[in-house]
Amino acid sequence: MIVTKDERPAHDTSEAQVPTDEPVGLGLIHRPRRLRSTAGIRALVQETRLSADMLVYPLFVCEGTGVRREVSSMPGVHQLSVDEAVRETRAARDDGVRAVLLFGLPAHKDETGSSAVDPAAPVQSATRAIRDQLDDMTVITDVCLCEYTSHGHCGILEGERILNDVTVSHLVETAISHAVAGAHIVAPSDMMDGRVGAIRRGLDARGFEGVAIMSYAAKYCSAFYSPFREAGDSAPAFGDRRSHQMDPANVEEALREVKLDLDEGADIVIVKPAMPYLDVIRRVKSTFHHPTAGYQVSGEYAMLKAAGRLGWIEEPRAMLESLTAIHRAGADIIITYYAREAARALV
Ligand code: PBG
């Protein structure tokens with residue numbers, strides 16, 4: 001019971017022993033603040049620990065040599081030619097990052113995104129170069145058509161409709177071409193139905209049973225992708241992505257999507273975006289117990305960068321807090337444009 005000086009009965013004579021400006025002890029058994037009292041004790045009881053090992057660094061690879069073009073809505077993020085992408089990967093490795101996720105910016109775009117399977121295209125070339133020169137780095141490749149199609153949609157169109165099964169066969173060929181180039185992991189981000197199983201069968205049939213699939217299993221139709229579409233030059237020419245990406249209002253549907261991908265052979269599942277969907281990450285992790293990745297997307301990064309630049313938040317702290325939250329929610333892996341900065345902050 002909490003007793004303050006003023007509440008003590010009149011006959012209480014203990015008044016004399018209590019300094020008049022101090023409240024009496026509260027008689028509390030539990031005082032959570034004890035474990036927050038020193039940095040040493042706080043470290044002992046810390047539950048969530050970020051490490052650079054869990055970070056994946058996305059890179060946008062374009063044609064040419066010596067190209068390093070900053071994305072205006074993503075300060076610190078650049079479109080990089082293959083040679084620069086190798087340089088950036090080496091620098092990331094020196095910072096402690098161990099995996100990159102490659103997106104391609106082809107010179108040539110057409111209706112069917114045919115350059116996605118070109119062995120000389122940026123993703124395939126960068127994969128070979130990184131595997132060649134930095135063999136301890138894990139190379140993950142994004143498998144989608146939106147950066148390769150002239151209309152910016154994630155698949156093959158009939159009128160304004162994206163054809164699912166035809167698109168899947170193109171994705172299978174794309175994934176195989178990434179595996180041929182040396183990708184350790186392919187990451188289909190298109191949200192077509194049945195693509196994980198088809199890619200698994202396609203890879204296996206070509207002798208790539210050792211190449212893993214990290215599927216964007218629960219990918220929401222999010223407003224937080226806008227800066228990416230500048231970086232990846234992949235904004236849809238008309239319409240939106242609601243016919244394949246998920247409604248932000250749904251979480252049960254995310255569990256069904258994840259189950260389908262796992263049943264089809266996904267090794268790692270991604271929830272994307274991350275911070276607005278921490279509950280989804282938690283549900284996915286607790287339900288399926290599979291390696292789970294959270295993708296802190298371009299808009300999440302851009303918001304933190306912008307507020308940091310304006311002096312409205314302390315960016316380095318906000319960065320680590322956001323990554324800690326994603327890990328705490330259940331993500332084993334975090335895909336983030338902050339990978340290098342975070343890795344440096346963590347050593
Ligand atoms: C599609 C793809 C997108 C992102 C990753 N893969 C864009 C989209 O779905 O429109 C978004 C990543 C980000 O915003 O950081 N290939």
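This passage walks through a predicted model of a protein with a bound ligand, from the overall fold to individual side chains.

The protein contains 11 helices and 12 strands. Along the principal axes, its C-alpha atoms fill a box of roughly 90 × 40 × 40 Å. Of its 347 residues, 54% count as buried. The protein exposes about 16,200 Å², and carbon and sulfur atoms supply 53% of that area. Among contacts with a separation of 6 or more, residues 24 or more positions apart account for 73%.

The ligand is a good place to go into detail. There are 18 residues around the ligand, and those that come nearest are Lys219, Arg229, Lys272, Ser298 and Tyr337. Two of the polar approaches involve ligand oxygen: an N or O atom in the side chain of Tyr337 is 2.6 Å from an oxygen atom of the ligand, and a polar side-chain atom of Ser298 lies 2.7 Å from a ligand oxygen atom. Asp142 instead places a polar side-chain atom 3.3 Å from a nitrogen atom of the ligand. Taken alone, the ligand exposes 400 Å², and the protein buries 100% of this area.

Charged pairs come next. Side chains of opposite charge can pair when their charged atoms come close. The count for this model comes to 22 salt bridges. One of them joins the side chains of Glu84 and Arg68, with an N to O distance of 3.5 Å. Glu84 belongs to helix H2 (residues 82-95) and Arg68 to strand E2 (residues 68-70), so this pair ties together parts that are 16 residues apart in sequence. The two partners differ in their surroundings: Glu84 is buried because its relative accessible area of 9% is under the 20% limit, whereas Arg68, at 39% relative accessibility, counts as partly exposed.

In a second salt bridge, between Arg195 and Asp190, the closest N and O atoms are 3.3 Å apart. Here Arg195 and Asp190 are both buried.

A third salt bridge is formed by Lys285 and Asp332, whose closest N and O atoms are 3.0 Å apart. This pair links distant parts of the chain, 47 residues apart: Lys285 sits in helix H8 (residues 278-288), and Asp332 in the loop between helix H10 (315-329) and strand E12 (333-336). Lys285 is buried, with a relative accessible area of 18%, while Asp332 counts as partly exposed at 30% relative accessibility. Elsewhere, salt bridges that share partners join Arg68, Glu84, Arg87, Glu88, Asp95, Arg340 and Arg344 into one network. The Glu84 and Arg68 side chains described above, which meet in a salt bridge, are thus both members of that network.

Glu230 offers a polar contact of another kind. This residue lies in helix H6 (residues 226-231) and counts as partly exposed, at 35% relative accessibility. Leaving aside residues up to four places away in sequence, Glu230 touches Val71, Ser72, Ser73 and Gln79. With one of these, Ser72, the side chain of Glu230 makes a polar contact of 2.9 Å. Glu230 and Cys146 are 84 residues apart in sequence, and their C-alpha atoms are 12 Å apart in space.

Finally, two residues illustrate the contrast between interior and surface. Ser81 lies in strand E3 (residues 78-81) and counts as buried, at 0% relative accessibility. Not counting residues up to four places away in sequence, Ser81 touches Val61, Cys62, Glu63, Gly64, Thr65, Gly66 and Val67. Leu44, found in helix H1 (residues 39-44), is exposed because its relative accessible area of 69% is over the 50% limit. Together with Leu35 and Val45, Leu44 makes a nonpolar surface patch of about 300 Å².

Definitions and conventions: Residues are numbered from 1 along each chain as its sequence is written. This is a predicted model: local features need pLDDT of at least 70, side-chain atom pairs count only at pLDDT 80 or more; totals for chains, interfaces and linings use all residues. Side-chain values use heavy atoms; hydrogens and water are left out. Patches are made of residues with over 30% relative accessible area and no salt bridge: like charges are joined within 9 Å, nonpolar side chains (Val, Leu, Ile, Met, Phe, Trp, Tyr) within 5 Å. Accessible areas come from the Shrake-Rupley method with a 1.4 Å probe; for residues, only the protein chains shown count as cover. A salt bridge is a side-chain nitrogen of Lys or Arg within 4 Å of a carboxyl oxygen of Asp or Glu. Helices (H or I, at least four residues) and strands (E, at least two) are DSSP runs, numbered from the N terminus. Buried means under 20% relative accessible area, exposed over 50%, partly exposed in between (1.4 Å probe, protein chains only). Contact means heavy atoms within 4.5 Å. A residue is near a molecule or strand if one of its heavy atoms lies within 4 Å of it. A polar contact is a pair of N or O atoms within 3.5 Å; within protein, one must be able to donate a hydrogen and the other to accept it, and residues adjacent in sequence count only if both atoms are side-chain atoms.
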